[in-house]
Amino acid sequence: FLKWDPSSSSKPQMFLFKLDPYNFQISWTAATGGAKSGGSRRDNWVEIAEIKEVRRLAMTEKEREQKRKYFEKHQHIITDPSGRDLCFSIVHGTHVMEVRRIMLVANVADVMDMWVAGIRGLVEASKVRRTDPTTTYLTKEYLTLFAKSTRTDMKAVVGALGKEKKNRIREIFSLDIGINYNKKTSLSSDQDAAAGDDSCAYFPFDDFCKIYHRLNFRDDIGDIFGKLVKGKRPYLTAESFKKFLVRTQGEDEIEMTLERTKELIMKYEDTESMRKQTVLSQQGLANYLLSEDNDLYRPQHLKLYQDMSQPLNHYYINSSHNSYLTGHQLRSESSVEMYVQILLTGCRCVELDCWNGDDGEPIIWHGHTLTTKIKFKDVVFAINEYAFAASPYPVILSFENHCSEEQQRKMARYCTDIFGEKLCRAFLETEDGVPVPAARLPSPEQLKYKILIKNKKRRISHSASIDGAGGAEKRASTGDVLA
């Protein structure tokens, strides 16, 4: 792909991008020996888990103009023969206020489509899996050990887990894994390949995880185990474990039967002698507490499970204040990107502080502060693109409206033209054609894929005036035009 930066004066350069299945990341290197790599090593790869989205569109008029001027200057064609734009960007970051973009141009549309669809699929899969960071790290390390072959050696395993812990690793290999530590012994991820070979031992991912957890055992879990067994025995019985799950962990007493408790013991207990007695050792308890079965989230709650047919005012609404600001409330940058990232996190109510723009175009700005200003139209465009990317339920635009009548008319026109049918402009009706009673707000279910505007209606006399971009303008007593 051609990699470019609209804020840079340097020429776009060709890079070879590849998806690394062993490290769950996308990396890139210069396609030619003469080109620079593009920065530090950290700048040459991005974790799949850090990718927010793959974007095809420029968010603002300024960005679109930057792109046009940049490629005109460098005389590079960014469309295929049919006129289709070949540009896309990978948006990534660890925080909504620290988002970066990798700007790319493909050679052909098929390659672009494949990468855009592939990355989007990986991002969605990573959200659904909700794999904890430790498991992700261990998976990457294990796959790296066997990246070139189904075999590796003890030295490589020690290198992956920590050379300073060599003696402890040797002890765990012998006592817990059942493999005598020997530099000449090779380890295989393929059980069939290891069978019948005295110089090779089968080393599955579970054993690799076991060594890691033994090396990094948490003392606080040891304290919990000690209080549960009270020094009477070195294990928890199924009955004692069930009592702990119900009374301390808050598991449902009806669902957490003795049989279910025994299943958990067999799943997380490593020691064979303990498994035969169906009891749980200290390490077994640690395995359970750090597992997905003890996740803070209930799996059934990862999908929608609430009743969404109640009036809108019966719900807490995920809302944002000063949504456009990237940091300090008095002097930070305002950004259209913030609306995108906020909506992608599932926020359903965003704030737009609307003021008169000097050029006649309404702006978003934290009034009377040193914060920067952005175009109202650009914000509306971004909201239209991303309003329902994370949820089908209604998005509420909370307008703090300081605009003149003339610029309010522009705001109203932008909302109707850009949002189109998404904009809720009339009272809703039920499926039977019966109007929703005015005394009762419609439900989130009825308002799916709708955008609502919350704009305070000010009652101002005919003699009152409000300063606009071009001076004082008379206001009608019926209130704001937009309302």
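## Helices α5 and α7

In this predicted model, helix α5 (residues 166–177) packs against helix α7 (residues 205–215), with their axes 10 Å apart and an angle of about 125 degrees between them. The two helices are therefore oblique to each other, and α5 passes α7 in a right-handed crossing. On the α5 side, the contact is made by Arg168, Ile169, Ile172, Phe173, Asp176 and Ile177. On the α7 side, Asp207, Lys210, Ile211, Arg214 and Leu215 take part. Sorted by class, the contact of α5 with α7 has 6 nonpolar and 5 charged residues, and no polar ones.

It is worth staying with α7 for a moment. Of its 11 residues, 8 are buried, so α7 is largely enclosed by the rest of the structure. The buried residues are Asp207, Phe208, Cys209, Lys210, Ile211, Tyr212, Arg214 and Leu215. Charged residues are included in that list: Asp207, Lys210 and Arg214 are buried, and these three also belong to the contact with α5.

## Helices α8 and α12

A second helix pair to look for is α8 (residues 219–229) with α12 (residues 282–289). Here the packing angle is about 120 degrees, and the axes are 10 Å apart. That angle makes α8 oblique to α12, and α8 passes α12 in a right-handed crossing.

Which residues make the contact between α8 and α12? From α8 come Ile221, Gly222, Ile224, Phe225 and Leu228, and from α12 come Gln282, Leu285, Ala286 and Leu289. By class, this contact has 7 nonpolar residues, 2 polar residues and no charged residues. The contact of α5 with α7, by comparison, has 5 charged residues and no polar ones.

## Salt bridges across the chain

Side chains of opposite charge can pair when their charged atoms come close. How many salt bridges does a search of the whole structure find? There are 21, and a few of them are described here.

One of them joins Lys67 and Asp85, whose closest N and O atoms are 2.6 Å apart. This pair links distant parts of the chain: Lys67 sits in helix α1 (residues 61–73), while Asp85 sits in the loop between α1 and β6 (87–92), 18 residues apart. Are the two partners buried or exposed? Lys67 is buried, with a relative accessible area of 16%, whereas Asp85 counts as partly exposed at 24% relative accessibility.

Another salt bridge brings together the side chains of Asp197 and Arg151, at 2.9 Å from N to O. Asp197 lies in the loop between α6 (191–194) and β10 (200–202), and Arg151 in strand β8 (residues 151–153), so this pair ties together parts that are 46 residues apart in sequence. Asp197 is partly exposed, with a relative accessible area of 23%, and Arg151 counts as partly exposed at 33% relative accessibility.

## A network at helix α10

Arg260 forms a salt bridge with Glu263, and their closest N and O atoms are 3.4 Å apart. Both residues lie in helix α10 (residues 258–268), where they are 3 residues apart, about one turn of the helix. An α-helix has 3.6 residues a turn, so residues three or four places apart point the same way.

Arg260 counts as partly exposed at 30% relative accessibility, and Glu263 counts as partly exposed at 47%. The pairing also belongs to a wider group: salt bridges that share partners join Arg260, Glu263, Lys267 and Asp293 into one network.

## Two buried residues to find

Strand β8, already met through Arg151, also holds Thr152. Thr152 is buried, with a relative accessible area of 11%. Not counting residues up to four places away in sequence, Thr152 touches Leu145, Phe146, Val157, Ser186 and Leu187.

Ile342 is the other residue to find, in helix α13 (residues 336–344). At 11% relative accessibility, Ile342 counts as buried. Leaving aside neighbours within four places in sequence, Ile342 is in contact with Ser320, Ser323, Cys347 and Val350. One of these partners, Ser323, is 19 residues from Ile342 in sequence, and the two are 7.7 Å apart in space, C-alpha to C-alpha.

Notes
Residues are numbered from 1 along each chain as its sequence is written. This is a predicted model: local features need pLDDT of at least 70, side-chain atom pairs count only at pLDDT 80 or more; totals for chains, interfaces and linings use all residues. Side-chain values use heavy atoms; hydrogens and water are left out. Axes are lines fitted to C-alpha atoms, for helices over the stretch in contact, and angles run from 0 to 180 degrees between N-to-C directions. Helices (H or I, at least four residues) and strands (E, at least two) are DSSP runs, numbered from the N terminus. Angles under 35 degrees count as roughly parallel, over 145 as roughly antiparallel, 65 to 115 as roughly perpendicular and the rest as oblique. A crossing is left-handed if the near helix is turned anticlockwise from the far one by less than a right angle, and right-handed if clockwise. Contact means heavy atoms within 4.5 Å. Ala, Val, Leu, Ile, Met, Phe, Trp, Tyr, Cys and Pro count as nonpolar, Asp, Glu, Lys and Arg as charged, and the others, Gly among them, as polar. A salt bridge is a side-chain nitrogen of Lys or Arg within 4 Å of a carboxyl oxygen of Asp or Glu. Buried means under 20% relative accessible area, exposed over 50%, partly exposed in between (1.4 Å probe, protein chains only).
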